[in-house]
Each structure stands twice: as C-alpha cells, then as structure tokens.
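Student: I should like to examine how the descriptive terms applied to this model are justified. May we set each value against its definition?

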Amino acid sequence: MKRILTTLALCLAVAGAMNAQELANFSFGRGMKPIVSPEIQNDSVTFRLKADYATVVKLSGSWMPNPWGGTIDMYRGENNVWSVKIPLPSPEIYTYNFVVDGVAVNDPQNVLVQRDGTRYLPMLLVPGERTQNYGEATKHGTVSHPWYHSNILGMDRRLTVYTPYGYEANKNKKYPVLYLLHGAGGDEEAWTSMGRAAQILDNLIEKGLAEPMIVVMPNGNPGQAAARTLNIPEKAYDWRDPANRDAYVKSLCTEIVPFIEKNFRAIAKPASRAIAGLSMGGGHTISASILYPEMFDYICPLSAAGTATPEQIATLKKAGVKLYFLACGNTDFLFQGAEEMHAKLNEQGLDHIYFVSDGGHVWANWRLYLNTFAQKLFK
C-alpha cells in the first residue's frame, strides 16, 4: 500500500509539474501584462515580441514594397519586449514574420496562421469592405477530407470538401458543385488555408449572395497522395513523359467528379458543375474544359498558366458555356497571357467576363476573384 501511495504521489507531482510548465508558456513574470501582437488601434497596428537576448529585431510583412526582403526596425522596450507601430495597411489579409538576429521567427502571440506549402506564416487580417467575407460567418459549413482511389495516378488520394450550412440537416436536398483548384506549390488545403474559401462561401451564402454549393478542392500534384503535412511518401512523376500528359486533369474529370456525385448529394449535370483554378490550377481549368467541353457550364481560369486555341474555344461556345470568368492582376507575370486569351475569346464570340485587378500573382487577388465569381455561379 505504501508503495502504491508513493507511486501515486509521484504521478501527481509529475502531472503538476507538467501543468506548471504548460502554464509557464502563458506567464511573463509577476505583474507583467500579457503581450498582444498584432494589436490594431484605429489607423495603426503594433507588433511585439519578447526576445531577451536579441541584439537586432526587424519586422517583415507582405504589405511592404519589397515583401520578399524588406524589413523595418523594431525597438527594445521594458522587459525586453521589442515593438514597432506602423500605419494600418489597407483592408486585406497579410502575412508577416520577425527577423531576430538574422533568423526568421513567427509571432508566438498570434494564433492566426496560414500554411503556404511548407511554410507557416502569421496573419494580419485588416477589417474593411474588401475583407468583410474573410472572417467567420454566423452559420458555418463543414470542411472534410475524404479519400478516393485513382486508377490513373495509382494511389489513394485526399480531397478537401466544403459542404454548406444545412447540408447535414436536409438529407433530400442536392447541391451544385464547384471544383476549385490550387496553384504550384499548393495542395488540397491551399484554398482553405490561404484562400479563406470556407469563410468566403459561408458569408456569401448567409447573405444570400451565392447559391449554397459543395466546393471540392483536390490535390493537383499527381505524385502526392495528400498534403506533405501528412508525411506520406511521394511518388516519382515525370512531367515530360507523354504518357503522363493531362493525367491529373483526366483523374479530376473521370474519377473525382464521379466520386463526388456518388458520395455527396451533388447534382450530376453540367449546369450544376463549375471549375475554377489559380495559376497552375488555372491551366488545369482550361485543360479540363478543352478535354471535356460539355462537363462544366461554369469555367473560371484565374491568373492562368495556360491557353486555348481558337478551335477549342469554338467548341466550348458550341457546348453552351453559361459563364466564362477570366481574371488576372495587371502586374501579374502571366497578364500578357490573359490578355491574349481575352482576345481569342472575343474573336470566337464567346461571351465572357474579363476581370482585371490591381496587383500581381498573389492570394490577395485570388481571394477577391473567388469572392466575385462565386456570386455568379448556378444562377
């Protein structure tokens, strides 16, 4: 009995120590106020970092003129808390990090982060008209990650699927489907992490601005079963092999679409299917519309790395596309390609929307495009 009591006491002591250690992560010294970062105050925002032994601390942010290398100095204050106060950037979602003695460091006080490939970056969401649909709505849809088997790619693969608010409650209602594709370096989580797809759809649907829809976000990397965060070994994939040409697009249209229409309450008609994608995914969008011209009535290439011939566009026109939404930023390195695609669509008489925004090849534009074209689908 004595041995049991001793063991029990030891376990309680260890548990208490672990709890104390965890609590210590939130304790900054007796009488010291919690560190808040970032802190928005009217027309300014303050960033803070406690770094006891640092000699130089800087802030780097995507709103800066040089977001890939520009920095501004932070200043040491009481209790070795470094800070800097800057004018509040215009409404948008930005990413940032600190540079501590030359080493990039994330903000430990900010729970809002997004994953860009293999990088996790803290987010600064500046409220305003542009970002009003990027925050949480009152009524939420559901994001799930089902798996499907691809005979074409030779593996089980993971999807991200958004179902709208009310999907679980009404077992008889069927929904149209948007297939939303990511760009190079992304995966099946890119649109929910960086694109705020779930928040945008929740808000638009709640406000009555968009039709309730299912959104399917596949992994566009043919050698990956899923996002690298799952630590699943990747399969070698030779893009130059003619046998692999359009393999992912064929899997999307002949395997993913049937899987969704079998396992979700999806309306299996061209008028209830939309496809959209950014950059590489824009190229996949164009390729899917060319290979399967009667599958999607709504086609939305965004900053697309791809084009179509006049003959292919004529085939789309004959198929009766209801919406062709072409979008690109005016400083995007792919803007010239968008201009040429716009001219081809005009030459073939395919009615379309050409949406040109400020800025380049960035998520700020792709969130804007989704927020815009989602309101035009299935109507």
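The discussion below treats confidence and then two helix contacts.

Tutor: This is a predicted model, in which local features need pLDDT of at least 70 and side-chain atom pairs count only at pLDDT 80 or more, while totals for chains, interfaces and linings use all residues. Residues are numbered from 1 along each chain as its sequence is written, and side-chain values use heavy atoms, leaving out hydrogens and water.

Student: What is the mean pLDDT of the protein chain?

Tutor: The mean is 92, and 92% of the residues reach 70 or more; pLDDT is the predictor's confidence in each residue, from 0 to 100. Over residues 4-25, however, pLDDT stays under 50, and the model has zero contacts (heavy atoms within 4.5 Å) there beyond four places in sequence.

Student: Why are helix 3 and helix 8 called roughly parallel?

Tutor: The axes of helix 3 (residues 197-206) and helix 8 (residues 363-373) cross at roughly 30°. Angles under 35 degrees count as roughly parallel, and the two helices are therefore roughly parallel to each other.

Student: Which residues of helix 3 meet helix 8?

Tutor: Ala197, Ile200, Leu201 and Leu204 meet Arg367, Leu370 and Asn371 of helix 8. By class, this contact has five nonpolar, one polar and one charged residues; Arg counts as charged, and Ala, Ile and Leu are among the nonpolar types.

Student: At what angle do helix 4 and helix 5 pack?

Tutor: Helix 4 (residues 247-263) and helix 5 (residues 280-291) pack at about 65°, with their axes 10 Å apart. Tyr248, Val249, Lys250 and Cys253 in helix 4 meet His284, Ser287, Ala288 and Leu291 in helix 5.

Technical notes: Axes are lines fitted to C-alpha atoms, for helices over the stretch in contact, and angles run from 0 to 180 degrees between N-to-C directions. Helices (H or I, at least four residues) and strands (E, at least two) are DSSP runs, numbered from the N terminus. Angles under 35 degrees count as roughly parallel, over 145 as roughly antiparallel, 65 to 115 as roughly perpendicular and the rest as oblique.
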